Each structure stands twice: as C-alpha cells, then as structure tokens.
Amino acid sequence: HSSAVHAQTGKQLTVYCSILEEQCREGASQFEATTGVKVTMIRKSTGEVYAQVRAEANNPRGDVWWGGPGEGHLQAAAEGLLSPYQSPRLAELYDWAQSYAKKADYHTSAIYLGALGIGYNTKVLQSKKLPEPKCWADLLDPKFKDEVQIADPASSGTAYVFLATTVQRLGEEAGFTYLKAFHANVSQYTKSGIAPVKATAMGETAVGIGFMHDMITQILDGAPVKTIAPCEGTGYETGSVSIIKGGPNAETAKAFVDFALSPAAQNINAKLKINSIPSNKSAQLSPDAPKFSDIKLIDYDTAKYGTPAERSRLLGKFEKEIKCRAASLLRMYQLRAIIQ
C-alpha cells in the first residue's frame, strides 16, 4: 500500500460515498485493515453529497468524496470545494482516466467508467405485450406510458448523465422535445440512480434507465432483466474520487485517494460482481462487464457538462420545462375532474 499510510493508527477519516452501499462498506473495511484508520462511511447519491459538501463549505466535516459521476465532482471543484491532489498512482491508470484528472487540474481523479443504458424486465414486457426497446427513440412509444422509471437529475448523477447525453445527442432544442415526450412514459423520478435498476429487477417497472453495469449486477443475481446500449449511441459516467477542501484529515484523505486508485480497491468491483470498467490498468475487469466494443459511445463532454453554469442551467430548465409543467398540467386535470 501507499507510502502515505505509515502507522496511521488512531486516525480517522470521514468518507462520503456515492457508489453502491456494498462497495462503500468493503472499501472502508479494506482501508481500515491496511492502515488502521477508523473510517466513517456515509452513503448518499451524487447530488446529495454535492449539496452537503457545498452546505458544509465553511466547516467541512467530510474528508473524501468517493464515487459517483464526474459532473458533480467537477462542479464542486469549480466552486473551490475540492483540494487538488496528484496521486503517485495516476501513472497506473488508462489514458482516459489520466486525461480526465489533468483536465480537472487534479481536483478529482477517475476510478471507473460506466455506460448508460436501458434495462427492461423480460417477464413484464411479455405479460404486457410490450416491444423490446433497442434505441432511445423506442422509449417514446405510447405503449410505454407509465412503464419507465428514471431518477431525478437534480438528486442523481446517473439521471444527470441521461439529461446531458440527450442534449449532446440531439442538440438542446430537439433534446428537450425528446424529454417532454419521454416524460409522458415516466411513472416516477426516483431520488437515487440505482432505484430504477432495482425496480426493473423486481418487476415494479417494465423499463429502467441506469448504468449498464448496475443492470448486469441484477442479471447475475437472477433477475429477468436485459440491458442494452441504445442504438443511437449513449453517454457514460466517469466515476470519481476527490478530496474535500478543508476537511479535518487532509493527509489521511490523500492516502485514501491512493487506495481508491489502486488495483486492490478497484478489484472490489469484480469481487462484488460490479461491472464498471476500472481506471487502473492492473485492476480486474469483471468477465461479465459490458464489452466496450459492442457499445456505441457518444463523445461525451464531461468537462463542459460538469461546469457549475451548465449543470445548474440544464437542471433549472429541466425542472421548469419538464417537471413543473407536468405538475401544473396534472393539477389542471385534477381541478377539471373536481369541477366536472
């Protein structure tokens, strides 16, 4: 393990974790075992951690932010909430991960890549006689009314990647036209990005939008789910790890980032059958992970869509044009029903 972690016994670290609960726990216990540092791990979605780090800016309680798509991390970096750190492990990472860290002026580093996809429950589709979606466009079919779940982009990094993907894929105007039509088929916007994946696996929804590797985890657990990379091309997340500026344990935080970039930490994925693509070249790739050669990726601009101005603007527009408009239409219909 890293040279930064000589005899850290008695030390503490607070980590805000935006990956899966199981990964957070496993990572904490591994780091504790190798360093003797007592880790307090708090699991929250990307949007929630970002809001918390921002709220605590004058008195930071957390030391490290581990996981979740890069846009939230980049926005926090741009707002001066993160500390730059150039880990000695950066040289071990794939080119895409090295260039990500460099573009962020080393305020955040990449730990995995995850492609956004469509997941669907084959049993639900059969019983409701619904077609198997192959493309984003298929999800606009009126047959899918109230059959699709996705998270809310304001609280979920996963859903923000979907929003930014749609805008980059189609252009903003056409993108929002798509989102309005798509909204008609959404049964609910969940708080976390993993919720639609779990709902799809349990048959509570026919279709869920999420990261393909999260869908594959459910498939390996025996859920009747299929996941596809949409035919038009899809966006992706760059899972990130960052040091919170002014956190109480700055040196130990660096040791944790070194750990997060190490094969040992990234092999937790393969161990837990989590199928994202690790950033360290020596980390194991789960044999069931999506083959990147089979996925058409768009040229996803994480740097642009992670800027505070762009992210806030898009989320504001989504809130106003998609969510609020729908809510006011619903109220209108309800009023009409009462009057009649």
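**Close-up views of a predicted model**

**View 1. Helix α4 and the elements around it.** The buried residues of α4 pack against α3 (70-78), β5 (109-121), β10 (236-244) and α12 (302-305). The model shown here, as in every view that follows, is a predicted one. Helix α4 itself spans residues 95-103, and its buried residues are A97, Y100 and A101. Why do these residues sit on the same side of α4? They cover an arc of only 95 degrees around the axis, and that places them on the same side of the helix. Turn to the other side of α4 and you meet D95, K102 and K103, which are exposed. After the helix comes D105, a residue with a positive phi, near 50 degrees.

**View 2. Helices α1 and α10 where they cross.** Here we look at helix α1 (residues 21-35) together with helix α10 (residues 250-260). Their axes come within 11 Å and cross at roughly 115 degrees, and the crossing is right-handed. Which residues make the contact? From α1 they are G27, Q30 and F31, and from α10 they are T252, A255, F256 and F259. Sorted by class, this contact of α1 with α10 has four nonpolar residues and three polar ones, with no charged residues.

**View 3. A265 in helix α11.** This close-up centres on A265, which belongs to helix α11 (residues 263-271). Is A265 buried or exposed? Its relative accessibility is 5%, so A265 counts as buried. Setting aside neighbours within four places in sequence, A265 is in contact with Q30, F259 and A260. Two of these names may look familiar from the previous view: Q30 of α1 and F259 of α10 take part in the contact between those helices. For a sense of distance, try E132, which is 133 residues from A265 in sequence and 36 Å from A265 in space, C-alpha to C-alpha.

**View 4. The disulfide of C17 and C24.** The structure holds two disulfides, and this view shows the one that joins C17 to C24, with an S to S distance of 2.0 Å. The link of C17 and C24 is left-handed, with -90 degrees about the S-S bond. How accessible are the two partners? C17 is buried, at a relative accessible area of 0%, and C24 is buried as well, at 1%.

**View 5. The disulfide of C135 and C231.** In this pair, the sulfur atoms of C135 and C231 are 2.1 Å apart. The torsion about their S-S bond is about 120 degrees, so this disulfide is right-handed. The link brings together distant parts of the chain, 96 residues apart. C135 is found in the loop between α5 (122-127) and β6 (148-151), while C231 is in the loop between β9 (225-228) and β10. C135 has 14% relative accessibility and counts as buried, whereas C231 has 42% and counts as partly exposed. With bonded cysteines counted along the chain, the disulfides follow the pattern 1-2, 3-4. For another cysteine to look up, try C324, which counts as partly exposed at 40% relative accessibility.

**View 6. S18 and its contacts.** Find S18 in the loop between β1 (12-17) and α1. S18 counts as buried, at 10% relative accessibility. Which residues is S18 in contact with, leaving aside its neighbours within four places in sequence? They are R43, K44, S45, T46, V49, W65, W66, G67 and G68. One of them, T46, makes a handy example: S18 and T46 are 28 residues apart in sequence and 5.5 Å apart in space, C-alpha to C-alpha.

**View 7. K129 and D146, with positive phi.** Most residues other than glycine have a negative phi. K129 is not a glycine, yet its phi is positive, about 55 degrees. D146 is also a residue other than glycine, with a positive phi near 60 degrees. Where should you look for them? K129 is in the loop between α5 and β6, and D146 has its place in the loop between α5 and β6 too. K129 counts as exposed, at 73% relative accessibility, while D146, at 44%, counts as partly exposed.

How values were computed: Residues are numbered from 1 along each chain as its sequence is written. This is a predicted model: local features need pLDDT of at least 70, side-chain atom pairs count only at pLDDT 80 or more; totals for chains, interfaces and linings use all residues. Side-chain values use heavy atoms; hydrogens and water are left out. Axes are lines fitted to C-alpha atoms, for helices over the stretch in contact, and angles run from 0 to 180 degrees between N-to-C directions. Helices (H or I, at least four residues) and strands (E, at least two) are DSSP runs, numbered from the N terminus. A crossing is left-handed if the near helix is turned anticlockwise from the far one by less than a right angle, and right-handed if clockwise. Contact means heavy atoms within 4.5 Å. Ala, Val, Leu, Ile, Met, Phe, Trp, Tyr, Cys and Pro count as nonpolar, Asp, Glu, Lys and Arg as charged, and the others, Gly among them, as polar. Buried means under 20% relative accessible area, exposed over 50%, partly exposed in between (1.4 Å probe, protein chains only). The arc is that of the directions from the helix axis to the C-beta atoms. A disulfide is a pair of cysteine sulfur atoms within 2.5 Å.
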